[in-house]
Structures are given as C-alpha cells and as structure tokens.
Amino acid sequence: MIFVPLPGEYIASAVRRGNETLGVKGLNKLDYRIKKKPRPQGKLGIESVIEYPDFLINHQASSTVLYENTLYPLAAALGRTFASCVYTPHAQWKICLQCVIDDLENHGTAFIHCSHLIYSVSLCQKHAIQLHSTCPTCLTSVTTHQISQFTKCSESYSKEPAISSSPPHQYALFIHSLLNYRGHPFTTWGIEIKIVKKMQEKGILEGAMVDTYPLIKKAKETLGVDFKFDFFHTLSMDICSAMAFLAYTSADSYFDDVSQLPKQDYL
C-alpha cells in the first residue's frame, strides 16, 4: 500500500491509487475507514475517541489525514462529530470532469476530491460545473472506477457549461470553506440553536417549533437535491450542511456567528 495523499484528496482515493500501483485489486473500506468509537453505554464521563487504520497510525499521519483528507472538518464545523457521523463514505463518490483534466496535468494523476463527496453538493466549487457519479466515457461508477483509468477516459470528456453564482454553486463554495475548518468541533446543541435562531431571523422558520419537513423541502427546492426526512436533532451531516447554508448562505457569515460557541476539547 502506498500512501501519498494529495492536497484535498479523499483518503480512499490515495489508498486506491497505491493499491493500483502495487497491482492490488479492489479496495477494502477497512483500509481507509476513520470513525468515532461509540462511548461505552452508561459511561457519560468517558469521551469517545476516533479510530484509524493501522497504517495511518504507523505513519504518524492520523491527525493530518483526518483534517486534510476526510469530511471530518465539515463535521467539526457543524458540531456533528457523534459516533454515527460518516467521515469516510464508501459510496456515492463524484468527479468534476475539468478537475480530472486539471489534476492529470498538474499532478500526473486524477483523484477524488473531498469537496465533491457530500451527496447534496452537485456542482464543483472551482469550475461551477456538474459533478458526475458515473464516468461519462466508460459508464463505470466513480466509486469503483480505477484511478489510473481516468487518464484514458478523460480523453473523451467534453466541456460543460458553468453555472456560476447559482444556489448550488454557492452551496458548493460554502461546503468547501467549511472543509477548511481546522479547530476543535463545536457542540451539537450550540450549532443547532444558532441555526434555528438564524432561520427565525430570516423568516425561514416561524415560531419556536422546528418542523423538519418544510425545511428539507426548501433545501430541495434551493439545491435541487432530494434529502431523506429526519428529525432535526438527529439530522445527518448532509442535511445539517444544507440547513446551515439556508440560514447563512456564506461560510464567513456562519463562522462569524458561531465563533464564540463552546467547543469540545477532544478530536
């Protein structure tokens, strides 16, 4: 296994590239999965910890990879670092066709970008063009596509129209900025209170009760993406990201408002 993650590259992408170089077929999610270990039942005073693959620990790269090559910074910025949160998704990977071409030119290889992983992000934040979950050339799912084969497939990629400044593009920029967060995770309850208050101020949410269904409907109308219905206090990171965007629109506005909230003192 070769481990040389590029800036902004998803950790699973780096592992797959290494495997392909060594002629290793397939990709075992246990080789890249990073997750929070649930706190022991009844042990409220014991904080849960993050578990890493052995090779990251052996390379003393755990913390660096967590912040640079996973979705953890987004989770930390949104206060959603509980055990069920997924930092290293094993499905629904996407590519920007222009990023593939640029990465091949600049780095000699294509790779999966962390900023393209979130399900609700449909445009590339850099090029403002559509993200693809299937390679347009060979029709292989990006999740299972060999990294090395993007070189050949990209020869047939066509130029796509940019949709700059649209809500989906603004949302992609919002997510990209939150992925650059490098502080300790905010508390879940603190972020939820801030988002609800901001939505009330903007008239998105009326009254003290949080009705999740119309919020998800508005997110779908704004971003053009279907969301799974959930209760507000158990929202997935994907839905919470959309709620935060509806409330604040820009990452600067979001961080200005939440910067003084309490933070958890562990990873």
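**Helix packing around α10 and the largest pocket**

Helices α7 and α10 are roughly perpendicular to each other, because angles from 65 to 115 degrees fall in that class. Their packing angle is about 110°, and their axes lie 10 Å apart. Helix α7 covers residues 167-178. The crossing of the pair is right-handed. From α7, the contact draws on P167, Q170, Y171, F174 and I175. From α10, the partners are D238, S241, A242, A244 and F245. Seven residues of this α7–α10 contact are nonpolar, two are polar and one is charged. The model is a predicted one.

Helix α10 also packs against α8. Helix α8 spans residues 188-202, and α10 spans residues 237-248. The two axes come within 8 Å and cross at roughly 40°. Helices α8 and α10 are therefore oblique to each other. The crossing of α8 past α10 is left-handed. On the α8 side, the contact is formed by K194, I195, K198, M199 and K202. On the α10 side, these residues meet C240, M243, A244, L246, A247 and Y248. The contact of α8 with α10 holds eight nonpolar and three charged residues, with no polar ones. A244 of α10 takes part in the contact with α7 and in the contact with α8.

Helix α8 has a further partner in α11, which runs over residues 251-258. The axes of α8 and α11 come within 11 Å. They cross at roughly 120°. Helices α8 and α11 are thus oblique to each other, as the angle is outside the perpendicular class of 65 to 115 degrees and not over 145. Their crossing is right-handed. I191, K194 and K198 of α8 meet Y254, D257 and V258 of α11. Three residues of the α8–α11 contact are nonpolar and three are charged; no polar residue is present. K194 and K198 of α8 serve in the contact with α10 and again in the contact with α11.

Attention now turns to the pockets. The largest pocket has a volume of about 780 Å³. Its lining is made up of 30 residues. S84, V86, P89, S236 and D238 lie nearest the centre of this pocket. Helix α10 supplies the largest share of the lining, three residues. By class, the lining of the largest pocket comprises 17 nonpolar, six polar and seven charged residues. D238 is one of the residues nearest the pocket centre, and D238 of α10 is also part of the contact with α7.

Helix α10 thus links these descriptions: α10 packs roughly perpendicular to α7, lies oblique to α8 and gives the largest share of the lining of the largest pocket.

Definitions and conventions:
Residues numbered from 1 in each chain as written. Predicted model: local features only at pLDDT ≥ 70, side-chain atom pairs only at ≥ 80, totals over all residues. Heavy atoms only, no water. Axes fitted to C-alpha atoms, helices over the stretch in contact; angles between N-to-C directions. Helix = DSSP H or I, 4+ residues; strand = E, 2+ residues; numbered from the N terminus. Parallel < 35°, antiparallel > 145°, perpendicular 65-115°, else oblique. Left-handed = near helix turned anticlockwise from the far one by under 90°. Contact = heavy atoms within 4.5 Å. Nonpolar A, V, L, I, M, F, W, Y, C, P; charged D, E, K, R; others polar. 1 Å grid on protein atoms, 1.4 Å probe; cavity = no way out; pocket = protein on both sides within 12 Å on 5 of 7 lines; lining within 4 Å. Points joined across faces, edges and corners; volume = space filled by probe spheres on them.
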